[in-house]
Amino acid sequence: MKNWKHVTVVIISLLMALVYSGFYTVNNDIFNSPDETSQVYFIERLSHGEALATPINSATQASAYIVPRSVRMVGDTLVPASFLGLIAIYGSIAAVISMQGLFLVTGFISIMGLYAYYKIVTHVWGDTVGLYSALLAMFFPGWWYYSSLAFFPNVVLTSLVLWSIYSYLLYKDRQSFLFATTSGITFALAGLVRLAALPWVGAIWLALFILDLTRRGRSFLPFYYIWISMAMLFLIVPLVLVQGSLYGGVAETGYILTPSTESSVITKLFPGGFHPR
């Protein structure tokens, strides 16, 4: 069979994803991480059409300081501390396929990531090296551990970045609007999943931009990178506005551990404090 290497990567990764992610479909009453517990709570609210901010009638002054991990008190409402993009994406999916089906979504996204990784390596070093690289990645315990933790952003973020790079390579080869669109959307979704990752994700595309500029000339660049920027603005600006409504300002985040009256750049960049030694 001509495409047996492609089929091998897909089938093995599919089996691994079903095995590891399948545990969650029957054992999802208790999570081993407060982060996941928080995500599930807010995703479920969003999937039912409820607001993310949960009113707490018994809130006191101490509530701003003593809260469960991964949530914050803003006034008399309980709000998520982080990963607003992941909550928005998974909440929208859960509204369509139900919460029970959502437990398999991260596993299937991980398959996309592994296949994109295989194709990227194949593009550079050939399909034999690509196959062996993908097989080695499939037996990396950390990949499946975080795939099985359905509401962690790690594998989702990595898979979307890999798929964006794979689509970028397809666009370079075929100059198709479809692949430019896929690359732009998956890149924007990666930033949406975890805004804190934007600096290093953006650095990848800055490096590619500089590489294209030096190798292909200016005529190749405008459409693709303008499209990437538009996708980012279309998806991330609404999230920033939601962040502003939840935390009282677009520059505020849920990472601030205790209330602060300071608004300096240092406070925003280093919520836990800046203490050089």
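**Figure 1. Arg45 and its salt-bridge partner Glu50**. Arg45 counts as buried in this predicted model, with a relative accessibility of 13%. The side chain of Arg45 meets that of Glu50 in a salt bridge, with a distance of 3.8 Å from N to O. Glu50 has a relative accessibility of 37% and counts as partly exposed. The pair therefore joins a buried residue, Arg45, to a partly exposed one, Glu50. The 3.8 Å distance falls within the 4 Å allowed between a side-chain nitrogen of Lys or Arg and a carboxyl oxygen of Asp or Glu. A search of the whole structure finds two salt bridges; the other is shown in Figure 2.

**Figure 2. The salt bridge between Asp127 and Lys5**. The side chains of Asp127 and Lys5 meet at 3.4 Å, N to O. Asp127 belongs to helix 5, which covers residues 127–138, and Lys5 to helix 1, residues 4–26, so the contact ties together parts that lie 122 residues apart in sequence. Lys5 is buried, at a relative accessible area of 13%, because the limit for buried is under 20%. Asp127 counts as partly exposed, at 37% relative accessibility.

**Figure 3. A nonpolar surface patch that includes Leu241**. Leu233, Val237, Leu241 and Val250 make a nonpolar patch of about 370 Å² on the surface. Leu241 lies in helix 10, which runs over residues 222–247. The relative accessible area of Leu241 is 55%, and the residue is exposed. This follows because exposed means over 50%.

**Figure 4. The protein chain around the close-ups**. This view gives the setting for Figures 1 to 3. The protein chain holds 11 helices and three strands. Along the sequence, their order follows the pattern α-α-β-β-β-α-α-α-α-α-α-α-α-α. Two helices thus come before the three strands, and the remaining helices follow them. Helix 1, with Lys5, and helix 5, with Asp127, are the helices tied by the salt bridge of Figure 2. Helix 10 carries Leu241 of the patch in Figure 3. The protein chain has 277 residues, of which 45% count as buried; Arg45 and Lys5 are among the buried residues. Contacts between residues 24 or more positions apart make up 69% of those with a separation of 6 or more. About 14900 Å² of the protein chain is exposed, and carbon and sulfur atoms supply 67% of this area.

Methods: Residues are numbered from 1 along each chain as its sequence is written. This is a predicted model: local features need pLDDT of at least 70, side-chain atom pairs count only at pLDDT 80 or more; totals for chains, interfaces and linings use all residues. Side-chain values use heavy atoms; hydrogens and water are left out. Patches are made of residues with over 30% relative accessible area and no salt bridge: like charges are joined within 9 Å, nonpolar side chains (Val, Leu, Ile, Met, Phe, Trp, Tyr) within 5 Å. Accessible areas come from the Shrake-Rupley method with a 1.4 Å probe; for residues, only the protein chains shown count as cover. Helices (H or I, at least four residues) and strands (E, at least two) are DSSP runs, numbered from the N terminus. Buried means under 20% relative accessible area, exposed over 50%, partly exposed in between (1.4 Å probe, protein chains only). Contact means heavy atoms within 4.5 Å.
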